[in-house]
Amino acid sequence: QVQLVESGGGLVQAGGSLRLSCAASGRTFSRNSMGWFRQAPGKQRELVATLSSGGSTNYADSVKGRFTASRDNAKNMVYLQMNSLKPEDTAVYYCTVGTISGVTAGTTHYWGQGTQVTVSS
């Protein structure tokens with residue numbers, strides 16, 4: 001089975017930065033797309049960024065220009081650099097792996113436990 005473990009969350013002031021990491025297991029890591037989602041209390045799970053097996057990225061309009069997703073296939077790691085953080089970015093952040101269509105739709109089968117990001121005003 002695939003295992004995903006997020007880390008790097010914490011408490012940060014508005015305007016600050018955090019770097020999230022997701023460690024993934026599996027021999028097919030480099031052949032699959034990855035995604036970052038977030039969910040705040042009382043809100044729907046929201047797609048933040050997608051990252052194809054070739055490294056191409058797409059971002060939600062709410063984070064475009066502030067967040068950057070990347071991957072290191074040799075280390076089986078994906079990252080989310082978050083800059084200029086806002087209170088509305090407060091959420092539990094999850095990583096996932098699968099086909100690009102599955103990641104985009106949020107219908108992938110493998111998810112991490114999530115890491116909490118809290119942005120104070």
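# A guided tour of the predicted chain

Show the whole protein chain and read along the sequence: the pattern is β-β-β-β-β-β-β-β-β-α-β-β. The model is predicted; local features need pLDDT of at least 70, side-chain atom pairs count only at pLDDT 80 or more, and totals for chains, interfaces and linings use all residues. Residues are numbered from 1 along each chain as its sequence is written, and side-chain values use heavy atoms, with hydrogens and water left out.

**Stop 1: the whole chain**

Colour by secondary structure. The chain has one helix and 11 strands. Helices (H or I, at least four residues) and strands (E, at least two) are DSSP runs, numbered from the N terminus.

Turn the C-alpha trace along its principal axes. The trace spans about 40 × 30 × 25 Å. How does the radius of gyration of the protein chain compare with that of a compact globule? The chain has 13 Å, and a compact globule of 121 residues would have a value near 14 Å, so the two agree. The radius is taken over C-alpha atoms, and the globule rule is 2.2 Å times the number of residues to the power 0.38.

Switch on the surface. The accessible surface is about 6400 Å², and 46% of that belongs to carbon and sulfur atoms. Areas come from the Shrake-Rupley method with a 1.4 Å probe; for residues, only the protein chains shown count as cover. Of the 121 residues, 41% count as buried. Buried means under 20% relative accessible area, exposed over 50%, and partly exposed in between (1.4 Å probe, protein chains only).

Now look at contacts, meaning heavy atoms within 4.5 Å. Take those between residues at least 6 apart in sequence: 57% join residues at least 24 apart.

Colour by charge next. There are 11 positive and 6 negative side chains, and the centres of the two sets lie 7 Å apart. Lys and Arg count as positive, Asp and Glu as negative; His and the chain ends are not counted. Each charge is placed at NZ of Lys, CZ of Arg, CG of Asp or CD of Glu.

**Stop 2: R66**

Select R66, in the loop between strand 6 (57–59) and strand 7 (67–72). Is R66 buried or exposed? R66 has a relative accessible area of 10%, so it is buried.

Show its polar contacts. A polar contact is a pair of N or O atoms within 3.5 Å; within protein, one must be able to donate a hydrogen and the other to accept it, and residues adjacent in sequence count only if both atoms are side-chain atoms. The R66 side chain makes one such contact with the side chain of D89 (2.8 Å). A polar atom of the R66 side chain also lies 2.9 Å from the backbone oxygen of S62.

Widen the selection to the neighbours. Leaving out residues up to four places away in sequence, R66 touches Q81, M82, N83, S84, L85, K86 and D89.

**Stop 3: V119**

Keep D89 in view and add V119, which lies in strand 11 (residues 115–120). V119 and D89 are 30 residues apart in sequence, and their C-alpha atoms are 6.7 Å apart in space. V119 counts as buried because its relative accessibility is 6%. Residues that V119 touches include V12, Q13, A14, L85, K86 and D89.

**Stop 4: positive phi at S84 and N76**

Go back to S84, one of the residues touched by R66. S84 sits in the loop between strand 8 and strand 9 (91–98). Its phi is positive, about 50 degrees, although S84 is not a glycine. S84 has a relative accessible area of 42%, so it is partly exposed.

Then pick N76, in the loop between strand 7 and strand 8 (77–82). Phi of N76 is near 55 degrees, again positive in a residue other than glycine. N76 counts as partly exposed because its relative accessibility is 24%.

**Stop 5: Y79**

Step into strand 8 and select Y79. Y79 is buried, at 12% relative accessible area. Add C95: Y79 and C95 are 16 residues apart in sequence and 9.3 Å apart, C-alpha to C-alpha. Among the residues that Y79 touches are R19, L20, S21, W36 and T68.

**Stop 6: two more loops**

Select S52, in the loop between strand 5 (46–51) and strand 6. S52 is buried, with a relative accessible area of 17%. Beyond four places in sequence, S52 touches N32, S33 and R71.

Finish at Q44, in the loop between strand 4 (33–39) and strand 5. Q44 is exposed, at 72%. With residues up to four places away left out, Q44 touches R38 and Q39.
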